[in-house]
Amino acid sequence: MWTGQEAVLKQRYDTQLRYYKDTLEQLTGLEVAETYIYSFSLNKAIRLF
């Protein structure tokens, strides 16, 4: 039923979350190890990078 939905969400939010990741790393001096989004419709966390 949800075939391809993860890929669509990854593509849709990749750039935005990369900006958040880069900004957080610059502000804190710490490395962000992993980035996830949560899909309520899929009821799961999806790892972006």
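Is Ile37 buried or exposed? At 14% relative accessibility, Ile37 is under the 20% limit and so counts as buried. The model is predicted. The chain has 49 residues, of which 24% count as buried, and its secondary structure consists of 1 helix and 2 strands.

**Overall layout**

- Read from the N terminus, the order of the elements is α-β-β.
- The helix, H1, covers residues 5-28.
- Strand E1 takes in residues 36-39, and strand E2 residues 44-47.
- Along the principal axes, the C-alpha atoms occupy a box of roughly 40 × 15 × 15 Å.
- When contacts between residues at least 6 apart in sequence are considered, 43% of them link residues at least 24 apart.

**Helix H1**

- The 24 residues of H1 should span 34 Å at 1.5 Å a residue, and the C-alpha atoms at its ends are 33 Å apart, so the two values agree.
- At Asp14 the helix bends by about 50 degrees.
- Four residues of H1 are buried, namely Leu9, Leu17, Lys21 and Glu25.
- These buried residues of H1 pack against both E1 and E2.
- Asp22 also belongs to H1, and its relative accessibility of 37% makes it partly exposed.
- From Asp22 to Val32 the C-alpha distance is 8.3 Å, with their positions 10 residues apart in sequence.
- Gly29, just after H1, has a positive phi of about 75 degrees.

**Nonpolar core and Ile37**

- Leu9, Leu17, Ile37, Leu42, Ile46, Leu48 and Phe49 make up the largest nonpolar core, which has 7 residues.
- Ile37 is part of strand E1.
- With neighbours within four places in sequence set aside, the contacts of Ile37 are Leu9, Tyr13, Leu17, Lys44, Ala45, Ile46 and Leu48.
- Among these contacts of Ile37, Leu9, Leu17, Ile46 and Leu48 are also members of the core.
- The C-alpha atoms of Ile37 and Arg47 are 6.6 Å apart, although the two residues are 10 places apart along the chain.

**Thr35, in the loop before E1**

- Thr35 sits in the loop that joins H1 and E1.
- Its relative accessibility is 9%, so Thr35 counts as buried.
- Outside the four nearest places in sequence on either side, Thr35 is in contact with Leu17, Lys21, Ile46, Arg47, Leu48 and Phe49.
- Of these partners of Thr35, Leu17 and Lys21 are among the buried residues of H1.

**Strand E2 and Ala45**

- Ala45 lies in strand E2 and is partly exposed, at 45% relative accessibility.
- Apart from neighbours within four places in sequence, Ala45 is in contact with Tyr36, Ile37 and Tyr38.
- Ala45 and Glu6 are 39 residues apart along the chain, and their C-alpha atoms are separated by 9.7 Å.

**The loop between the strands**

- Asn43 is located in the loop between E1 and E2.
- The phi of Asn43 is near 60 degrees, which is positive although the residue is not glycine.
- Most residues other than glycine have a negative phi.
- Asn43 has a relative accessible area of 58% and is therefore exposed.

**Aromatic rings**

- A pair of aromatic rings is described by how far apart the centres are and by the angle of the planes.
- The chain has 1 aromatic pair.
- That pair is Tyr38 and Phe40, whose ring centres are 4.9 Å apart and whose planes stand at 75 degrees, so the arrangement is edge-to-face.
- Tyr38 is partly exposed, because its relative accessibility is 43%.
- Phe40 is exposed, because its relative accessible area is 74%.
- Arg18 lies over the face of another ring, that of Phe49, at 4.1 Å from the ring centre.
- Phe49 is one of the residues of the largest nonpolar core.

How values were computed. Residues are numbered from 1 along each chain as its sequence is written. This is a predicted model: local features need pLDDT of at least 70, side-chain atom pairs count only at pLDDT 80 or more; totals for chains, interfaces and linings use all residues. Side-chain values use heavy atoms; hydrogens and water are left out. A nonpolar core is a set of buried Ala, Val, Leu, Ile, Met, Phe, Trp, Tyr and Cys residues joined through side-chain atoms within 4.5 Å. Buried means under 20% relative accessible area, exposed over 50%, partly exposed in between (1.4 Å probe, protein chains only). Contact means heavy atoms within 4.5 Å. Rings of Phe, Tyr and Trp (its six-membered ring) pair if their centres lie within 6.5 Å; planes under 30 degrees apart count as stacked, over 60 as edge-to-face and the rest as tilted. A charge sits over a ring if NZ of Lys or CZ of Arg is within 6 Å of the ring centre and within 35 degrees of the ring normal. The expected span of a helix is 1.5 Å times one less than its number of residues. The bend at a residue is the angle between axes fitted to the seven residues ending there and the seven starting there.
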